[in-house]
Amino acid sequence: MSVNLIQEISLPYDVTLCIQREDLVHPQIQGNKYRKLRYNLAFAKANSYKTLITFGGAYSNHIAATAIAGSLEGFKTIGVIRGEELGVDLEKTLAQNPTLSSARDHGMDFVFVSRSAYRDKDTDEFKRPLLKAYPDAYLIPEGGTNKLAVQGCAEILDGHGANFDYICCPVGTGGTISGIIESSGVQQKVLGFPALKGGFLSDEIKKWTSKTNWELMSEYHLGGYAKMDAVLISFINNFQKKHNILLDPVYTGKMMLGVLDLISKGYFPSNTRILAIHTGGLQGIEGMNKKLLQKGLPLIQYTE
Ligand SMILES: Cc1ncc(COP(=O)(O)O)c(C=O)c1O
């Protein structure tokens, strides 16, 4: 499926800002997840794998998307989840966690591991017992980032991307921005907005692309991965009211906050055309609202 849904955001500045609604790219698998999984699932099918095993945190968009994509394409799915405490009382965890509960509803089974074991998830020692238990399994890394994912993300800019001077996107593991960089023109600049503190991200991106027309804007992670404050929540709620576009608090909210901050500070020259990629992630809002409630922060307003 190819969607070029570009929406202009009206602003009181002499630049043009458009949002590419990748969150609408597929009815169930949003944004960069659809792009990342597309060629991976085609590869798994072509090579007769029957099971998909992947890795993520308790609210991972990638876990949610893999469960759905796997069930649509006829794969058994296994999610290796960070946090062994979540497996102690699974029914309680599922009752409290909309991401895992949805993944379970789509047939995913879970392996809960401690944070220290999870850190070793890319080692052969970690993978060996999994592959022994599921010999027909295709392993997809955390966040879905691999060569085939980057190939899929290179299609995000198909066609219309050339009309813009700057392309902006959120960054987690670096796969999405790498695909975008690969398909960008040399005259364009790609700006990444990391959702986490991570000096390591530049090196991750350099694994997938040798082009240099990109930069990470590292001041908008708000303290780290899934860290949220009242300013971000109120920004997301106001953005939704004003432009009728819902953003998530982990990735796209931080990116848009950053893009608008840069615009207001005059970072972009006059008449610049900017394209921000809405990479989805909206499934995570319900779970994040539970966290916000616990912290006594305002909630993200949305209708299901
Ligand atoms: C909604 C959303 N946007 C952006 C990203 C960042 O993508 P990447 O991990 O490829 O950098 C993620 C995480 O994968 C995500 O879930």
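**Exercise 1. Describe the residues that surround the ligand in this predicted model, by class and by origin.**

Step 1. Sorting by class, one finds that the shell around the ligand holds four nonpolar residues, 14 polar residues and one charged residue.

Step 2. Turning to individual positions, 19 residues lie around the ligand, and those that come nearest are N61, G172, T173, T279 and G281. Two or more residues of this shell are given by each of the elements α1 (31-46), α2 (61-73), β7 (166-171) and α8 (175-183), and the element that gives the most is α8, with three residues.

Step 3. At the level of domains, at least three residues of the shell around the ligand are drawn from domain 1 (6-28 + 151-295), and at least three from domain 2 (31-144).

**Exercise 2. Work out how domain 1 and domain 2 are placed and where they touch.**

Step 1. Begin with the division of the chain, in which domain 1 is built from two segments, 6-28 and 151-295, while domain 2 covers 31-144. Between the C-alpha centres of domain 1 and domain 2 there is a distance of 25 Å.

Step 2. Next, consider the contacts, where 24 residues of domain 1 meet 20 residues of domain 2. On the side of domain 1 that touches domain 2, at least two residues are supplied by each of α7 (147-153), α8 and α12 (285-295), and α12 gives the most, with four residues.

Step 3. Finally, sort that side of domain 1 by class, which yields four nonpolar, 15 polar and five charged residues.

Definitions and conventions:
Residues are numbered from 1 along each chain as its sequence is written. This is a predicted model: local features need pLDDT of at least 70, side-chain atom pairs count only at pLDDT 80 or more; totals for chains, interfaces and linings use all residues. A residue is near a molecule or strand if its C-beta atom, placed from the backbone, lies within 6 Å of it. Ala, Val, Leu, Ile, Met, Phe, Trp, Tyr, Cys and Pro count as nonpolar, Asp, Glu, Lys and Arg as charged, and the others, Gly among them, as polar. Domain bounds come from an automatic or database domain assignment. Two residues are in contact if their C-beta atoms, placed from the backbone, lie within 7 Å.
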